[in-house]
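Subject: Structure handover and notes

Dear colleague,

Here is the structure we spoke about, with my notes on it underneath. Please have it open while you read, since the notes go through it part by part.

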Amino acid sequence: MIRISGAKLSEKILIRRVEKCCLRVLGQENIFITDLAVSDSETIRALNGSARGVDKVTDVLSFPCFEGLKPPVGIDEFSDGDFEGSRVMLGSIMICRERALEQAEQFGHSYARELGFLACHGLLHLLGYDHIEKEDEEIMTARQKEIMNAVGLKR
């Protein structure tokens, strides 16, 4: 389940579609709760500065509650303190609407495709994927492509 703030109804519907598809492609039961906020450039710049020490606007920030998750994971793999109600708190994502609009234009695709991609990217980070090392980047990129194609937001 994803709790979304700052988003328009159409954005919420799209983000929820991406979440469902992401979990389905990964074979992951929906045992999680995730917070996702769509924000402006000033807000994400401030958060990027305070959280990462980078004083610039970015497109998406992810704050996972766990390191090294390897989906699929079961509910029994978490401790009582990991739960928020009956679900496991996976983490938080913030997406900058302005950057998503700019990047959609820059890459020549729709805003929906860019927003979906950023939501997918953020969710994969929360689920243990990363792109620091070349091998990890290849794996994450392949998963993103698979999910984006499955949700119908191809490049």
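A word used below first: a pocket is an open set of grid points with protein on both sides within 12 Å along at least five of seven lines, and its lining residues are those with an atom within 4 Å of a point. Please also keep in mind throughout that this is a predicted model.

**The largest pocket**

The largest pocket holds about 460 Å³ of space. Its lining is made up of 19 residues, and those closest to the centre of the pocket are Ser-62, His-121, His-125, Asp-130 and His-131. Two elements, S3 and H4, give two or more residues each to this lining, and S3 supplies the largest share, with five residues.

Of the residues closest to the centre, I looked further at His-131, which sits in the loop between H4 and H5. Is His-131 buried, partly exposed or exposed? Its relative accessibility is 34%, and since the partly exposed class lies between the 20% limit for buried and the 50% limit for exposed, His-131 counts as partly exposed. Leaving out residues up to four places away in sequence, His-131 touches His-121, His-125, Asp-136, Glu-137 and Met-140. Met-148 is 17 residues from His-131 along the chain, and the C-alpha atoms of the two are separated by 17 Å.

**Helix H1 and its surroundings**

Helix H1 covers residues 9-26, and its length can be checked with simple arithmetic: at 1.5 Å a residue, its 18 residues should span 26 Å, and the C-alpha atoms at its ends are indeed 26 Å apart, so the two values agree. The buried residues of H1 are Glu-11, Leu-14, Ile-15, Val-18, Glu-19, Cys-21, Cys-22, Leu-23 and Leu-26. When reading that list, it helps to recall that an α-helix has 3.6 residues a turn, so residues three or four places apart point the same way. The cover over the buried residues of H1 includes strand S1 (2-5), strand S2 (32-39), helix H3 (97-107), helix H4 (111-126) and helix H5 (134-151). After H1 comes Gly-27, which has a positive phi, near 70°.

**The strands S1, S2 and S5**

Strand S1 has two faces, a covered one with Ile-2 and Ile-4 and an uncovered one with Arg-3 and Ser-5. S1 pairs with S2 in the parallel sense, over four bridges, and the path of the chain from S1 through H1 to S2 makes a β-α-β crossover that is left-handed. Within S2, Leu-36 is the bridge partner of Ile-4, while Ala-37 is the bridge partner of Ser-5.

S2 itself is mostly covered, with seven of its eight residues buried. S2 also pairs in the parallel sense with strand S5 (residues 87-96), over eight bridges, and in this pairing Phe-32 has Val-88 of S5 as its bridge partner.

**An enclosed cavity**

How many cavities of 30 Å³ or more does the structure hold? There is one, and the space in the largest cavity is about 40 Å³. The residues that line the largest cavity are Met-1, Glu-19, Leu-23, Asn-30, Phe-32, Thr-34, Leu-90, Leu-123 and Leu-127. H1 and S2 each supply at least two residues of that lining.

**Some single residues**

The peptide bond from Pro-71 to Pro-72 is cis, with omega near 0°, and Pro-72 is placed in the loop between strand S3 (60-64) and strand S4 (83-84).

Thr-58 lies in the loop between helix H2 (41-52) and S3. Its relative accessible area is 14%, and because buried means under 20%, Thr-58 is buried. Neighbours within four places in sequence aside, Thr-58 is in contact with Ile-44, Asn-48, Cys-96 and Arg-99.

Gln-106, in helix H3, falls into another class: its relative accessible area is 58%, and as exposed means over 50%, Gln-106 is exposed. Gln-106 and Arg-17 are 89 residues apart in sequence, and their C-alpha atoms are 24 Å apart in space.

With best wishes

Note on methods
Residues numbered from 1 in each chain as written. Predicted model: local features only at pLDDT ≥ 70, side-chain atom pairs only at ≥ 80, totals over all residues. Heavy atoms only, no water. Expected span 1.5 Å × (residues − 1). Buried < 20%, exposed > 50% of the residue type's maximum accessible area, 1.4 Å probe, protein only. Contact = heavy atoms within 4.5 Å. Pairing = 2+ DSSP bridges. Right-handed = clockwise from strand over helix to strand, strands pointing away. 1 Å grid on protein atoms, 1.4 Å probe; cavity = no way out; pocket = protein on both sides within 12 Å on 5 of 7 lines; lining within 4 Å. Points joined across faces, edges and corners; volume = space filled by probe spheres on them.
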